[in-house]
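Subject: Structure handover

Hello,

Please find the structure below, followed by notes on what was found in it. Keep the structure open while you read.

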Amino acid sequence: MSDYALLARQLEPLLDTHDWLTNAAQTCAFLKHEISDLNWAGFYLQRQPGTLILGPFQGLPACNPIPFDKGVCGAAATTRRTQRVADVHAFPGHIACDAASRSELVVPIIHDGELWGVLDLDSPRPERFSEDDQRGIERLVEIFIAASDLSTPSVTG
């Protein structure tokens with residue numbers, strides 16, 4: 001079990017620039033290194049209406065683009081609610097970028113009332129993410145949002 005209060009204190013000083021790209025890269029590397037049983041940690045950004053585009057990540061090459069009507073990331077983008085999936089193979093419309101992934105946690109990133117993107121965490125372990133993990137990761141996303149200038153990327157089209 002991760003100590004999310006400690007992780008929050010460690011993440012804050014890493015995000016020492018307002019540049020969202022640098023902060024997103026730092027956040028992915030930090031999460032992949034500090035949270036056990038992850039095989040992928042990354043951001044998808046809303047740069048086109050109804051579509052998520054791959055951003056900074058740690059792990060194997062990823063699927064791109066992801067329409068809002070596909071997968072766990074699309075569900076988080078559409079509902080603007082965190083998606084915690086115990087078994088991705090039981091999730092309708094799951095996108096299998098890495099066949100080793102078994103569970104997933106996706107947190108939407110909202111800026112000025114608009115969807116900016118999502119943070120996606122994948123694990124090879126079924127039922128990897130608990131309610132405590134969800135709350136902890138949501139808090140780390142809040143830290144990322146507070147530290148970053150999210151005025152870009154913007155939706156085009």
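How many bridges join β1 to strand β6, and in which sense do the two strands run? The number is 6, and β1 and β6 (residues 114-123) run antiparallel. One pair to look up is L45 and its bridge partner in β6, G117. Before going further, note that this is a predicted model, not an experimental one.

The sheet

Strands of a sheet pair through backbone hydrogen bonds, either parallel or antiparallel. Here 6 strands form an open sheet with antiparallel pairing, and their order is β3-β2-β1-β6-β5-β4. At the edges are β3 (66-67) and β4 (83-85), each of which pairs on one side only.

It helps to walk across the sheet in that order. β3 is joined to β2 by 2 bridges, and these strands run antiparallel. L52 has I66 as its bridge partner in β3. L52 also serves as the bridge partner of Q46 in β2, so to speak of L52 is to speak of two pairings at once. β2 (residues 51-59) and β1 (residues 40-48) pair in the antiparallel sense over 7 bridges.

The hairpin of β1 and β2 has 2 residues between the strands, and G50 takes a positive phi near 70 degrees there. On the other side of the order, β5 (103-111) is joined to β6 by 9 bridges, and these two strands run antiparallel. V107 has L119 as its bridge partner in β6. β4 and β5 then pair in the antiparallel sense over 3 bridges, and Q83 stands opposite V106 in β5.

How many residues of β1 are buried? The count is 7 of 9, so β1 is largely enclosed by the rest of the structure. β5 is mostly covered, with 7 of its 9 residues buried.

One helix goes with the sheet. Helix α3 (residues 71-79) lies across β1, β2, β3, β4, β5 and β6, and runs at about 30 degrees to β5.

The helix pairs

Two packed helices are described by the angle between their axes and the distance between the axes. Two such pairs are worth a look, and α2 belongs to both.

In the pair of helix α1 (residues 4-14) and helix α2 (residues 20-34), the axes come within 10 Å and cross at roughly 150 degrees. α1 and α2 are therefore roughly antiparallel to each other. Their crossing is right-handed. On the α1 side the contact involves L7, Q10, L11 and L14, which meet Q26, T27, F30 and E34 in α2. By class, the residues of this contact divide into 4 nonpolar, 3 polar and 1 charged.

In the pair of α2 and helix α4 (residues 131-147), the axes are 10 Å apart and the packing angle is about 155 degrees. α2 and α4 are therefore roughly antiparallel to each other, and the crossing of α2 and α4 is right-handed. From α2 the contact takes W20, N23, A24, T27 and L31, and from α4 it takes I137, L140, F144 and A147. This contact has 7 nonpolar and 2 polar residues, with no charged residues. T27 is listed in the contact with α1 and in the contact with α4.

Backbone points to check

Most residues other than glycine have a negative phi, and most peptide bonds are trans. Three places in the model are worth checking with that in mind.

Which residues does a cis peptide bond join? They are N64 and P65, with omega at about -10 degrees. P65 lies in the loop between β2 and β3.

R80 is a residue other than glycine with a positive phi, near 60 degrees. R80 is found in the loop between α3 and β4. Its relative accessible area is 39%, and R80 is partly exposed.

D112 also has a positive phi without being glycine, with a value near 50 degrees. Where is D112 found? It is in the loop between β5 and β6, in a hairpin that has 2 residues between the strands. Is D112 buried or exposed? D112 is exposed, with a relative accessible area of 69%.

That is the end of the notes.

Regards

Note on methods:
Residues are numbered from 1 along each chain as its sequence is written. This is a predicted model: local features need pLDDT of at least 70, side-chain atom pairs count only at pLDDT 80 or more; totals for chains, interfaces and linings use all residues. Side-chain values use heavy atoms; hydrogens and water are left out. Axes are lines fitted to C-alpha atoms, for helices over the stretch in contact, and angles run from 0 to 180 degrees between N-to-C directions. Helices (H or I, at least four residues) and strands (E, at least two) are DSSP runs, numbered from the N terminus. Angles under 35 degrees count as roughly parallel, over 145 as roughly antiparallel, 65 to 115 as roughly perpendicular and the rest as oblique. A crossing is left-handed if the near helix is turned anticlockwise from the far one by less than a right angle, and right-handed if clockwise. Contact means heavy atoms within 4.5 Å. Ala, Val, Leu, Ile, Met, Phe, Trp, Tyr, Cys and Pro count as nonpolar, Asp, Glu, Lys and Arg as charged, and the others, Gly among them, as polar. Buried means under 20% relative accessible area, exposed over 50%, partly exposed in between (1.4 Å probe, protein chains only). Two strands pair if DSSP finds at least two bridges between them.
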